[in-house]
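User: Here is a structure to go through. Please take the questions in turn and keep the answers short.

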Amino acid sequence: MSESESEYWDGRYAVADQLWSGAPNSVLVDVAAELPGGRALDVGCGEGADAVWLAKRGWAVTALDVSGVALERAAKRAEEVGVDIRWIHAGLLDAGIEPGAYDLVSAQYPVLFKTPDAVAEHILLDAVAPGGLLVVVHHGEFATGQSHESHDGEVFDPADYVGPWDVKPLLGDGWHIELDETRARHLTTGSGAGHASDVVLVARRD
Ligand SMILES: C[S@@+](CC[C@H](N)C(=O)[O-])C[C@H]1O[C@@H](n2cnc3c(N)ncnc32)[C@H](O)[C@@H]1O
């Protein structure tokens, strides 16, 4: 985990007692509500709404994030509702994710720098167990290739970060796409409320 990455995100979280809506992401709820449970990995779990939702439904959840501030909030929330979650304070590339260990790998609005050899994308793909699902969701606006302004006024290029559109071309033999679509997003609370659509990729490993 780079020091600046975790410092940036700790600072981002520290501006408010709660940054996100507190509700599990709607795509995850749609995709996972009917699943039987198993081992789940939440990549960039933030304040833990998805991880807690999964754990309450019986999943054995591992959740990772670069921000210790976010993880403290997430752990507090898990304790309040009485679920056990394995928290990893690390970026995806440094987290030592075991290949083939998860029946569900979920990356909701991840912030993962692209590398020439697509390291982050391959860690996500490799983490999925045979028969398991990979769910990658990102903001529809980020698929357009246009620069965006972040919450602190910094201009960034979404093309520098991994999205579902980067993972999809890497799904070779041994994967089946279950969902590949852009859908409207209706979130009205929390820092992510300004985004109007989601790009959703759900793929199952044979
Ligand atoms: C846009 S937020 C999304 C949080 C959460 N998935 C949600 O939907 O509410 C992105 C999250 O990724 C975390 N993050 C940033 N860089 C990361 C990295 N290299 N590996 C894992 N998580 C990272 C941030 O701390 C932040 O919590």
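User: What is the strand order of the open sheet of seven strands, and which strands are its edges?

Analyst: The sheet is open, has seven strands and shows mixed pairing. Strands are DSSP runs of E of at least two residues, helices are runs of H or I of at least four, and both are numbered from the N terminus. Two strands pair if DSSP finds at least two bridges between them. The order is β3-β2-β1-β4-β5-β9-β8, and the edge strands, each pairing on one side only, are β3 (86-89) and β8 (175-184).

User: By how many degrees are neighbouring strands of this sheet turned against each other on average?

Analyst: This is a predicted model, in which local features need pLDDT of at least 70, side-chain atom pairs count only at pLDDT 80 or more, and totals for chains, interfaces and linings use all residues. Residues are numbered from 1 along each chain as its sequence is written. Axes are lines fitted to C-alpha atoms, for helices over the stretch in contact, and angles run from 0 to 180 degrees between N-to-C directions. With direction ignored, the average turn between neighbouring strands is 15 degrees.

User: Which strands does helix α3 touch as it packs on the sheet, and what angle does its direction make with that of β2?

Analyst: Contact here means C-beta atoms, placed from the backbone, within 7 Å. Helix α3 (residues 49-56) touches β1 (39-43), β2 and β4. Its direction makes an angle with that of β2 of about 170 degrees.

User: Which strands does helix α5 touch, and what angle does its direction make with that of β5?

Analyst: Helix α5 (residues 119-127) also packs on the sheet. The strands it touches are β1, β4 and β5. Its direction makes an angle with that of β5 of about 140 degrees.

User: Which residues of α5 are buried, and on what side of the helix do they lie?

Analyst: A residue is buried if 20 or more other C-beta atoms, placed from the backbone, lie within 10 Å of its own; it is exposed at 12 or fewer and partly exposed in between. In α5 the buried residues are A120, E121, L124, L125 and A127. Taking directions from the helix axis to the C-beta atoms, they cover an arc of only 165 degrees, so they sit on the same side of α5.

User: What do the buried residues of α5 pack against?

Analyst: Their partners include three strands and a helix. They are β1, β4, β5 and α6 (164-167).

User: Why is α3 largely enclosed by the rest of the structure?

Analyst: The buried residues are A49, D50, A51, V52, W53, L54 and A55. They pack against α2 (26-32), β1, β2, α4 (68-81) and β4. The helix is largely enclosed because the buried count is seven of the eight residues.

User: Which residues is A55 in contact with, leaving aside neighbours within four places in sequence?

Analyst: A55 belongs to helix α3. It counts as buried because 23 C-beta neighbours lie inside 10 Å. Its contacts are V61, A78, V83, D84 and I85.

User: How is strand β4 joined to strand β5, and which residue is the bridge partner of Q108?

Analyst: Strand β4 (residues 102-108) and strand β5 (residues 128-139) run parallel, joined by six bridges. The β5 partner of Q108 is V137.

User: What phi values do Y109 and A118 take?

Analyst: Most residues other than glycine have a negative phi. Y109 lies in the loop between β4 and α5, and A118 is placed in the loop between β4 and α5. Both values are positive: Y109 is near 55 degrees, and A118 is near 50 degrees.

User: Is H139 buried or partly exposed, and which residues does it contact beyond four places in sequence?

Analyst: H139 is found in strand β5. It is partly exposed, because 19 other C-beta atoms lie within 10 Å. Its contacts are Y109, H195 and D198.

User: How many residues of β8 are buried, and how does β8 pair with β9?

Analyst: β8 is hardly covered, and its count of buried residues among 10 is zero. Its pairing with strand β9 (residues 197-205) spans nine bridges. The bridge partner of E181 in β9 is V200. The sense of the pairing is antiparallel.

User: Which residues are closest to the ligand?

Analyst: A residue is near a molecule if its C-beta atom, placed from the backbone, lies within 6 Å of it. The ligand is surrounded by 20 residues. α1 (3-14) and β2 (60-65) each supply at least two of the shell. The closest are W9, G44, G46, S67 and G91.

Conventions:
Contact = placed C-beta atoms within 7 Å.
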